[in-house]
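Student: Could we go through this model together? I'd like to see how each label is earned.
Tutor: Happily; let's take the terms one at a time.

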Amino acid sequence: MADGADPTAASCVKALTAFVENGKALLDLAEKESREGSLQEFIRQKIRIELNQSLLGLIEAAAALFRSCAALQAAVQDFQQLEVQWDAFLQHLDDELQLDGDHQAKRISPDTSLVNAITGETVTLEKYLGKGKKILLVLIRQFSCLLCRLHLKDLEKNQRSLDAHSIEVVVISFGCQEGASHWLQETGCQYDMLLDPDRKMYGAFGLEASLKKVLNFSNMLLYAEYVVDNMEFPRGLPSIQDDMFQLGGDFVLDEHGRVLFSHCCQSPIDRPSVEDILSVV
C-alpha cells in the first residue's frame, strides 16, 4: 500500500470493484440464459432468490459491499445531508433577498436603449430589427462566466447553420464598458455586444439572480470536475464589480421584436443547444 493511503478507503475500493465485477457476471449470465429459451421460462426458473447466480444474487453482493463499507455508507449519508443543508441555506438567502423573476416579455420594443460595448454610444434594438433577420440575444451572466464563453464558442462553431436560418447573434451584458472591452479581448468574440447596465432586458425576460441556482451543491461538484479536467475559470478584473448570481438566457426575436424562442437559464450550465434553438425558428 502506498505511503499515506487510507486502508479503509482502499478496502472500500476493493469491495466496490468486486461488486461491479460480480454484477457484470450476473448480468452477462442472465442475458445468455434469457436467449436460450422462452422469456417466461427464464423468469420462472432463473430469477430465484435461492440461486446465487440469478439476477437476485445482486442483493447478496450488495450486502457484502455494504458490510465492507459501513464507514463509507455513513460518510455518504453525511454527504447527502450536507447537500440538503447547503441548498436549503442558499434557498433561505434567495427568499430573504427576494431574488426572483416573475414575468417574461412576449415582445421587446425596438426603442429599447442599450450601449455599444466598443464605442460606448447609445443604440436601440431598432438597429437590428426590421431587416428580415431573426436576432438571437445571448444574455450572459458575468464577464468571468466560463459556461457563457463555452456557449458562445458553440454558437460560433455552428455559424453556418445560424446563417442558413437567417439568425444574427447579439451578446448582451449588464456589465460596464471596461469589463466588456476586457471580455472581448479575452474571448475574441466577433458578435456585436451591447450593454444593459440597468438590466432592463434581463428584467423584461424574467431573468433572476439566485444564489441557490448558481452555488447549489450539484453545481459545486460539477465545477470541481472542471478543475480536475484542468479547465481554467476566467478571472474578472479587480476594478470591475460584477454579479456572479445573475442568470442568463437565450431569446430569438423576429424582425418585429416578437419572441420566437425563449430560454431562461435555471443554472450557469443550463444553455440551449444550437439544435434546440433552430428547431423552433
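Tutor: Let's begin with pairing: two strands pair if DSSP finds at least two bridges between them. Strands (E, at least two residues) and helices (H or I, at least four) are DSSP runs, numbered from the N terminus. This is a predicted model, where local features need pLDDT of at least 70, side-chain atom pairs count only at pLDDT 80 or more, and totals for chains, interfaces and linings use all residues. Residues are numbered from 1 along each chain as its sequence is written, and side-chain values use heavy atoms, with hydrogens and water left out.

Student: What is the bridge partner of Leu-114 in E2?
Tutor: Leu-114 has Val-123 as its partner there.

Student: How do you know that E1 and E2 pair?
Tutor: The rule asks for at least two bridges, and strand E1 (residues 113-116) shares three with E2, in the antiparallel sense. So E1 and E2 count as paired.

Student: What makes E2 and E7 edge strands?
Tutor: The open sheet has seven strands in the order E2-E1-E5-E4-E3-E6-E7, with mixed pairing. Strands E2 (122-124) and E7 (259-264) each have a single partner strand, so one side of each lacks a neighbour in the sheet.

Student: Why is Tyr-226 called buried, and what is Phe-233 called?
Tutor: Buried means under 20% relative accessible area, exposed over 50%, and partly exposed in between (1.4 Å probe, protein chains only). Tyr-226 is at 13% relative accessibility, so Tyr-226 is buried. Phe-233 is at 25%, so Phe-233 counts as partly exposed.

Student: Why is the pair of Phe-174 and Tyr-202 called edge-to-face?
Tutor: Rings of Phe, Tyr and Trp (its six-membered ring) pair if their centres lie within 6.5 Å; planes under 30 degrees apart are stacked, over 60 edge-to-face, and the rest tilted. Phe-174 and Tyr-202 are 5.5 Å centre to centre with 75° between the planes, so both tests are met. Phe-174, at 9% relative accessibility, is buried, and so is Tyr-202 at 1%.

Student: What makes the pair of Tyr-226 and Phe-233 tilted?
Tutor: Their centres are 6.3 Å apart and the angle between the planes is 50°, so the pair falls into the remaining class.

Student: How do you know that a charge sits over the ring of Phe-174?
Tutor: NZ of Lys or CZ of Arg must be within 6 Å of the ring centre and within 35 degrees of the ring normal. The charged end of Arg-199 sits over this ring, 4.0 Å from its centre, so the distance test is passed.
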